[in-house]
Amino acid sequence: MLDRFYEAMATEIAGAGGTVEKFVGDAVMAVFGAPHAQEDHAERALHAALAMRRRLAELFEGSLQLRIGVNSGEVVVGAAREGSSFVSGDTVNVGARLEQNVEAGEILAGERTVALVRGAFEFDEPIRIDAKGKRDGIACRQLIRALTLTRPRGVGGLRRTLVGRDTEIDLLEATYRRVAHEGEPHLVTIMGEAGVGKSRLVRELWGRLGGAPVEPLRRTGRCLSYGHAITYWALGEILKEHFDILESDPPESVRNKVQPREILGLALGLEAQGELHPLAAREKLHEAWLEFLQDLVAERPVVVLIEDIHWAEDPLLDLLERTGSEVQGPLLIVGTARPELLDGRPTWGGGRRNASLLWLQPLSEDEAGRLFDDALTEALPLELRNLVVERAEGNPLFVEELIGTLIDRGNLRRVGEAWQAERLEPNMDIPDSVQAVLAARIDMLPSLEKAALQAASVVGRVFWAGPVHELVGGEPDFGLLEERDFIRRRRGSSMAGQQEYAIKHALTREVAYTSLPKARRARLHAGVAAWLEQAGGGRDETAPLLAHHYAEAVRAEDADLAWGGEEAERARLQAKALDWLRRAAELALGRYELGDAISLLQRALDLEEREQSRAELWRDIGHAHAMRYEGQAFWEAMQNSLQICADRATCGETYGLLALHTAARSGMWQRRPDHELVTGWIDQAFELSERESPTRVRALVARAFWAPREDPEAAREAERLAEQLGDQELQSWALDALLAQAYAQHHYDEAYELARERLNLIAQISDPDHIVEAHESAVPAFAAVARIDEARRLAKTADELSAKLSPHHQVHGLALQLEVEELAGGWERVVALTERTEGAVAANLDTPCSRNARSLLVCAVASVVMGDEQRAAELERAAEELGMEGYDFALESPRLRLALLRGNPQPVGEALEAAGSHNLAFGLARLAARMDALAALRDRRRVEEDALPLLHVDTYIEPFALRALGIVREDETLVAQATSRLRGMGLDWHAEQTDALIEAASLPGGRSTDVE
């Protein structure tokens, strides 16, 4: 009995293209998609399961029953050994758990299997079964029945449209019109890689032919990739459609329906009547097929579609070619095929007048984007759209399957009739369906070319012939890989003397790469790194590549597997990886590619085992985060460094950087840093630094920024020491501290000269962040001495420089222009920049910045000035929703302006900086708004206190102080003098506010406080 069971089950498994892995007692383990990949492995497995159940019932008449579990996923494939499995892994274990938990006579499929075959089978409701080691159990569904032999392409629920194929559909329609008009047959083969849109194009053609002036008879058949007696399966499907033959029809009924050409029953799985030799039977079938079509075209035009002829066997291909040349009449045969058809039939579609090939290329990026839009019929986030379009690379099927993955992962969900985007994860796994299609194509390559494609995938999307030759130890045929559309030869090469290629699709590269066992992958990376180092001579240009390959060779999770027993080689490779990661990070910082630099340093951190080196890496990571204005990440990295730091000098340097960037970039937190906390860091930097060291300069500059009153000489000492050290960047920081100090004391001429000196110095500095920062501090210094046009030019330059840096820098660059126009009263220019400001702020939400909120408020002021209160309210709400705490010094001036413009001057805060030191970036606007607000409130006591220190001739702030004094003293001469000076500086809008301020001061809400 067991022998009969084994033989029957093995036959059904083999018929579906599976491999019997082993028989154990009365159990059978079968594998589909290994050792050779199959794009429809899940469908094959389920069809085999149903066939096995059906065959068992026929053999044993219900006395035996099967329990079948089917699961899909990644497995480790090894060499086949007698009595042992050649596949292993969690996927196999889960499949066994499914089989153990299913009832007799039932088939249980895992969730990945169900997802792979959606639309081709009917399943029961989802359930979960308990399994050891699976906390949430195993999701699965009971298989009910097969719905179709092949899975429908695409994802249900999406709108399907034809995009980017206007030329092709026009050509097909023109071909049909010619066939119908001339009465001659034509065979056109639509050729393209899997998923490129062949079926979609044919579906559109089918719809259009239905409305043609001369509507043709249309019949369809499909070639199968596996099964018993499938040579003429496509013809059988056409005959079933034409003669209304059902699966349940008995053989005699089928023969009657195809009369008088009974031999056509061969295409339907019937045996030939009489003693016919197989070759004779085949010839009679071919003749009968040609006669059948000849009769059809005698009545009206006929269009026959044969799909997937790359799976057709030679007898069917021979018959199709005969049909296209021997049938006399209006017959259009449309075939769809993948390029591998030409491997066995290189002349297919060529060399004959009545045959042609129509090649389909991938969609353009714009066309793929339209396909995404049409599929979902919703305006979804651009980020989501771009992710799908980029990954699909013009393949319509991949677009749909990637959308399906987003739906399965919960990134997209249907709400009523609409689609709604949820969270978006940056990394998207390749859908199993796409993985299967690509893996099957790769597996069809000869072994050397397959190994070459895998080796190339390790080198990268772009690769050179040299390392691939070394890695595979042979001379693969790159021409074959080009012919099969896996790679493209590139013009020129980034490596001298090396032919350069590119893997055509990123998804192909991923599938080829992940098909390699991890240990093999690691050794290939080591080989690539060695080749690169030798070929490139260890130049800096190859540093990122060397860092990547050496690091991948010793990945922590794979290193034991790859280098077990070779500790010395592993240590050598790890040292190489660390050296090149740090060098690549250093170069990335120099190019201001901060994200890349942080990633490289993080990878080094994963490999580094020495505590002191880890402390230095954390410090470097923190410094890079500071350059990106990522305040919280900066603090966390620096604290991580300090927790493991044992070297005094390293700890001091970390405290110095921590203090400097916190003090200089204090607006990059949601809540302003605690004063005592930062003071403590500054003190630690002093304590741990040498007296004449860069760390001490940073500590001095930090103190000058953070607590200028505590140490008035800190900035001057920093300048002296920086000059002594000959460090131009530290000299620039010291000049910035001196500038801020002079500005805070209203020594505007001195601040202006220091700003000019610093701008001259930065010509010798390459750090783009530092250059932008120097312009930022120069803008208010120039404006303070009423050089508004020069300040405007500097702001524009800063904006242009910032465009090449981070989103945070871009907000700063744009904010500088807004701030100059705020000082100048150039509200029309602010309105013109408002839309751009909203976009810049939105792009910078990940890094808190006081200028995010402030810029929106300045735009709100401009909207009020221009009479658009509704727009102003929107901008105010957006600013307040950002929730910045502790930044009143930045936000006060636009808030005061809004209150003044609305005729409701609000009380002015008792800020410590009112008449003493004041913030460099926003101080002028703040003082000007405070003077106007105090004047409108007729707060004479505070005007007299605050205005007197501001009466410096030829400075921006002087006329505002004069006007405030004139209003509260009711001195028309002072008011006129102030207005004249405002106009002389080109501050016409501010001059025009004089009457409004006088009127506000005379209202009952105004209050007068006499000076004693």
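Which side chains meet in a salt bridge at 3.1 Å, N to O? In this predicted model, the partners are Glu776 and Arg851. Let's start with that pair, visit two others, and then step back to the whole chain.

Glu776 sits in helix 33, which covers residues 768-784, while Arg851 belongs to helix 37, residues 850-865. The two are 75 residues apart, and the pair links distant parts of the chain. Are these side chains buried or exposed? Glu776 has a relative accessibility of 11%, so it counts as buried, because the cut-off for that class is under 20%. Arg851, at 6% relative accessibility, counts as buried too.

Now turn to a pair within one helix. Glu800 and Lys796 form a salt bridge with an N to O distance of 2.8 Å. Both lie in helix 34 (residues 788-802), and because they are 4 residues apart there, about one helical turn separates them. Glu800 has 44% relative accessibility and therefore counts as partly exposed. Lys796 is also partly exposed, with a relative accessible area of 46%. Elsewhere, salt bridges do not stop at pairs: Glu552, Arg555, Glu557, Asp558 and Arg603 are joined into one network by salt bridges that share partners.

A third pair to look up is Glu593 with Arg591, whose side chains meet in a salt bridge at 2.9 Å, N to O. Glu593 is partly exposed at 31% relative accessibility, and Arg591 is partly exposed at 44%.

How many salt bridges are there in total? The count comes to 88. Side chains of opposite charge can pair when their charged atoms come close. As for the supply of charges, the chain carries 115 positive and 166 negative side chains. The centres of these two sets lie 2 Å apart.

Finally, zoom out to the fold as a whole. The chain holds 45 helices and 19 strands. Its C-alpha trace spans about 130 × 75 × 60 Å along the principal axes. The radius of gyration is 38 Å, whereas a compact globule of 1012 residues would have one near 31 Å. Even so, 53% of the 1012 residues count as buried. Contacts also reach across the sequence: among those between residues at least 6 apart, 68% join residues at least 24 apart. On the outside, the accessible surface comes to about 44,900 Å², and carbon and sulfur atoms account for 47% of this area.

Terms used. Residues are numbered from 1 along each chain as its sequence is written. This is a predicted model: local features need pLDDT of at least 70, side-chain atom pairs count only at pLDDT 80 or more; totals for chains, interfaces and linings use all residues. Side-chain values use heavy atoms; hydrogens and water are left out. A salt bridge is a side-chain nitrogen of Lys or Arg within 4 Å of a carboxyl oxygen of Asp or Glu. Buried means under 20% relative accessible area, exposed over 50%, partly exposed in between (1.4 Å probe, protein chains only). The radius of gyration is taken over C-alpha atoms; the globule rule is 2.2 Å times the number of residues to the power 0.38. Contact means heavy atoms within 4.5 Å. Accessible areas come from the Shrake-Rupley method with a 1.4 Å probe; for residues, only the protein chains shown count as cover. Lys and Arg count as positive and Asp and Glu as negative; His and the chain ends are not counted. The place of a charge is taken as NZ of Lys, CZ of Arg, CG of Asp or CD of Glu.
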